[in-house]
Amino acid sequence: MNPILALLVLIPLAGSPLSYLLVKRDRESGIAVTLAVALVTLGLAVYSFWYVYAHVPAIGDYTLMGSYQWVSTPNFGIDLLFGVDGLSSPLILATAALTVFAIIGSRRLIHGGSPPYFALLLLFEGAIMGVFTSLNLVVFYVFWELVMIPMFFLIGVWGGDKRRYAAMKFMIFIFVGSTVMLLAFLAAYLDVSPFSFDIPTLAGKIPDGLQYLPLLASFIGFAVKLPVVPFHSWLPDAYSQAPAPVAVLLAGVQSAMGGYGIIRISIGLFPYAAAQWAWAFLLLGIVTMFYGAIVALLAKELKRMFAYTSLNHMGFVLFGAFATVISGNALGMEGAIFQMFVHAFTAGSLFMVAGYIQQQAGTTEISQLKGLRNTMPRTAGLLVAAAGAAMALPPFGSFLAEIAVIAGGIQANAYTGVTVLVPVLTGGYLLWMIRRVVLTPAAEHFQVRDMPWLDAATLAMYLIPLILLIVFSALILTPAAPVAQWVVHLTGGP
Amino acid sequence: MDYILFAAVAMAAAALGTPFFQLNRARGRAPGYLLAVALTAAIILVALNTLSPQPVPEFGTLLTSDALGGLFALVTLSVTLAVTVFSLPTISIRANGPLYYSLLAFSALGMLFLSYAADLLILFVAWELMSLPTYALAGFDKNRKESNEASAKYAILGALSSAIILYAISLSYGLAGSTQISTVVRAFAAQSTDPLSMIAILLFIVGFGFKMSIVPFHMWVPDAYEGAPITISTLFAAATKKAGFVAAIRVVLVASTVYAVTQGSIFTIPNIFAVLALLTMTLGNLAALTQKSMTRLLAYSSISQAGYILIGFVIFSYAQANPAYALDGTIGMTGALFHIINHSIMVTAAFLAAGLVLIGLKRVDLGAFEGLAKRAPITSFTLSVSLLALAGVPPLNGFWSKLLLFLSVVNGPYAWLAVAAVLNSAFSVAYYVWIIKRMYMDEPESHEKMNEPLTYVLIFAVLTALIIGLGLFPQLGINFAQSAIP
């Protein structure tokens with residue numbers, strides 16, 4: 001019994017009403033307290049990340065486990081079962097870090113009606129922590145749905161001009177997807193004896209023939225979040241209408257929920273069916289990568305371009321995960337886990353820069369932005385750096401992640417090597433965007449309207465983990481290895 | 001102590017006592033307080049009886065004293081209490097206020113007897129005692145055309161359903177030679193191939209179906225809910241409808257426990273319930289999507305929720321003939337009873353919140369809810385929580401009962417029902433969240449604050465606390481529901 005993970009969930013959830021009351025009384029000090037809560041959570045997340053690295057759990061095992069009785073009736077029982085492994089610990093760290101960054105960024109970017117805003121950010125963080133640490137399917141589902149409520153309000157109340165449409169579309173897509181997913185969980189419950197909702201108990205025990213429909217149902221739920229083409233149509237609206245700090249969390253963290261669910265539940269609980277249908281999922285991943293890259297190429301607006309960039313990057317996760325299922329080689333899955341972590345920071349920095357451009361220049365239309373290197377040099381520098389990370393250039397960790405995924409894919413089938421074109425395309429459209437937005441000459445009488453140094457420094461923080469990771473990639477890959485081997489073992493690979 | 005007897009006496013005293021206030025010119029809130037006190041006393045007595053059931057010798061074999069009756073009596077009396085307190089500020093200033101409370105008390109007395117009925121005769125008498133006052137109550141706004149229409153429509157269809165029930169009772173008496181429910185049920189079992197017993201059971205389903213508002217017996221629901229005073233619509237959705245369920249459980253569901261299914265036939269009681277469940281939830285949800293008035297929307301939503309409850313009936317009656325599904329049947333019935341409790345709470349909160357909007361803004365079309373969060377934050381919050389709970393969003397109470405209901409049918413012959421229910425539940429979020437979107441994201445037409453008096457805020461606080469509390473600690477509700485399974 002270890003209370004760390006329970007605290008990781010509880011502290012932001014409990015901090016949420018506190019933040020509401022304090023921000024209502026005095027905005028500045030309230031935000032400071034909200035930030036303090038997020039920093040404490042970050043401390044716990046760093047500890048659990050380090051702990052998983054230092055004491056890597058055995059194959060198929062979890063660490064820092066904690067179990068608390070929640071519902072206990074004669075025919076139906078649910079425990080709050082918490083645990084982490086090399087799959088969830090990087091995502092926990094990314095969530096905690098991005099929440100801290102989002103709170104700092106919101107101080108300047110969010111104005112009207114802020115008391116509930118910061119409370120909702122913490123509620124969102126606590127719910128996501130719950131998703132990444134719960135090992136009971138019902139508890140997982142409860143947190144999964146709880147993520148959606150604050151996000152609905154964050155987009156719909158504080159978003160851009162078309163925020164109501166985006167929020168409704170988001171809510172309906174996600175809710176339909178996740179209720180379908182619930183069917184898979186219910187079916188899994190009755191498939192093993194004694195009945196259980198606990199992932200460690202269920203893994204590897206569900207009879208082969210009963211895995212197909214639950215696999216499909218759970219995949220739909222996760223595919224909507226990741227998102228996978230053709231379940232993605234809410235994404236450009238939600239990502240581009242959300243206020244920048246919220247878009248950071250949406251793109252960076254919420255999409256990782258989808259990847260996490262596919263690896264932990266779709267593959268982890270229904271491995272036989274997943275192995276049978278692996279090619280279909282792998283192809284969906286490749287389609288998502290190419291689709292994201294091609295639509296981003298045509299985007300006329302920065303946030304939409306970044307939204308499709310995020311889609312393209314999350315396609316790698318699906319591709320890498322199923323490459324391992326097919327080939328039995330751990331590389332693809334390790335790359336997928338690495339990619340989720342890296343993508344959180346890349347997408348986060350892109351959306352945050354876009355938020356500042358929106359605030360300073362009043363628009364994010366590519367055709368109307370000219371000569372950012374003159375009008376806002378610091379912002380332009382950060383935009384170029386963030387785009388570099390998204391292009392998977394060394395010295396950014398994204399380089400390693402994408403190489404690993406593509407190499408893993410080639411292990412499954414050499415023809416998938418064609419995916420190497422995706423980073424090429426990504427590089428192409430991002431460079432073209434930089435040429436149009438940054439390198440063009442500014443209007444003759446321009447005013448310098450750059451972001452303040454302090455904000456630029458916080459934004460640079462997004463990129464630091466990415467640079468560190470290319471050197472210290474073992475921090476993620478060492479704990480990720482047993483997760484990948486567990487999948488290989490479950491799916492009957494060598 | 002004969003708790004039920006004393007509870008009935010308290011209710012009867014309130015019903016007979018409140019009209020005397022009509023004699024006094026300064027009527028005020030006194031009759032309302034009297035009814036509230038009587039209801040509180042009755043609730044406490046019923047709760048004590050549920051904790052340690054006592055026999056009721058005064059009524060011979062007419063009443064039982066089981067946990068199932070306790071569950072329904074508690075639900076219906078509590079809803080009546082909420083309605084009474086909510087009516088205090090508006091009804092007390094009206095000339096015929098005392099009669100309103102008297103009619104409410106009579107109806108509550110009917111529901112109390114109906115919950116515990118063990119004999120078809122007392123069941124019918126209680127049914128009428130519950131229904132007749134509500135026909136008058138539906139038309140209580142006597143100068144409003146819609147209210148008159150609601151009353152007339154409801155009374156005609158109510159009389160039809162009573163006639164059908166009475167016919168079913170007479171058939172049952174012919175088969176069994178007794179009106180005692182347990183004897184009738186045994187007679188059904190002994191003559192399970194006799195078409196008369198099947199007809200009797202079908203007639204019971206139809207008769208009770210009107211009150212349960214299941215499709216295709218739901219036509220009166222939207223008009224009556226919209227036309228009646230909104231407090232009375234609350235009573236319909238949260239109390240008298242549940243009384244329909246207890247009657248169905250006592251007669252039909254218990255009958256199906258011994259009703260031998262004809263070999264190879266698809267015309268079985270679980271199949272009938274399954275089709276009704278599918279129709280009810282699908283039609284309710286589809287119709288709710290297109291509504292422009294809040295009361296009609298809630299009416300259709302309440303129809304669709306009845307469909308979810310029927311899922312528990314399906315698997316419970318199926319399990320009687322197939323012992324392999326005993327556990328699924330228990331889980332399903334637990335879910336159904338828990339959902340009955342939850343739905344009462346959620347729909348009371350939603351209707352009363354809409355009621356306050358009606359008092360404050362004089363309208364309840366969906367446009368009235370635009371930007372409501374800025375004008376009436378407490379009402380908007382209550383309404384949002386209750387709508388999310390109705391949609392089945394965790395961790396609110398509606399989630400757990402739906403989870404149990406879906407879980408009970410996900411494996412086995414009714415898996416298609418689980419899929420249909422899940423899809424229905426998923427699409428229902430569209431119209432529930434649409435209202436939340438209107439309240440929090442749209443701009444209000446005026447920024448004038450709506451008055452939110454303390455009485456209402458207190459009721460809202462209790463209901464919201466129940467929705468969230470039962471969501472965080474569902475064990476209490478699940479165990480109670482399970483203990484009440486017949």
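How many residues does the contact take from chain B, and how many from chain A? The close-ups below, all from a predicted model, begin there.

**View 1. The contact between chain A and chain B.** Welcome to the place where the two chains touch: chain A puts in 29 residues, and chain B puts in 28 residues. On the side of chain B that touches chain A, at least two residues come from each of α13 (326-361), α16 (397-409), α17 (415-441) and α19 (474-483) of chain B.

**View 2. A look at α17(B).** If you follow one helix here, try α17(B), which gives the most to the side of chain B that touches chain A, namely twelve residues. By residue class, this side of chain B holds 21 nonpolar residues, six polar and one charged.

**View 3. The two domains of chain A.** Now we move inside a single chain, where domain 1 covers 1-276 and domain 2 covers 279-494 of chain A. Taken over C-alpha atoms, the centres of these two domains of chain A are 22 Å apart.

**View 4. Where domain 1 of chain A meets domain 2 of chain A.** Here 48 residues of domain 1 are in contact with 48 residues of domain 2. The domain 1 side is supplied with two or more residues each by α2 (27-54), α3 (88-109), α9 (235-241), α10 (244-269) and α11 (271-276) of chain A.

**View 5. A look at α10(A).** With 14 residues, α10(A) gives the most to the side of domain 1 of chain A that touches domain 2 of chain A. That side of domain 1 divides into 35 nonpolar residues, eleven polar and two charged.

How values were computed
Residues numbered from 1 in each chain as written. Chains lettered and ligands numbered in written order. Predicted model: local features only at pLDDT ≥ 70, side-chain atom pairs only at ≥ 80, totals over all residues. Contact = placed C-beta atoms within 7 Å. Helix = DSSP H or I, 4+ residues; strand = E, 2+ residues; numbered from the N terminus. Nonpolar A, V, L, I, M, F, W, Y, C, P; charged D, E, K, R; others polar. Domains from an automatic or database assignment.
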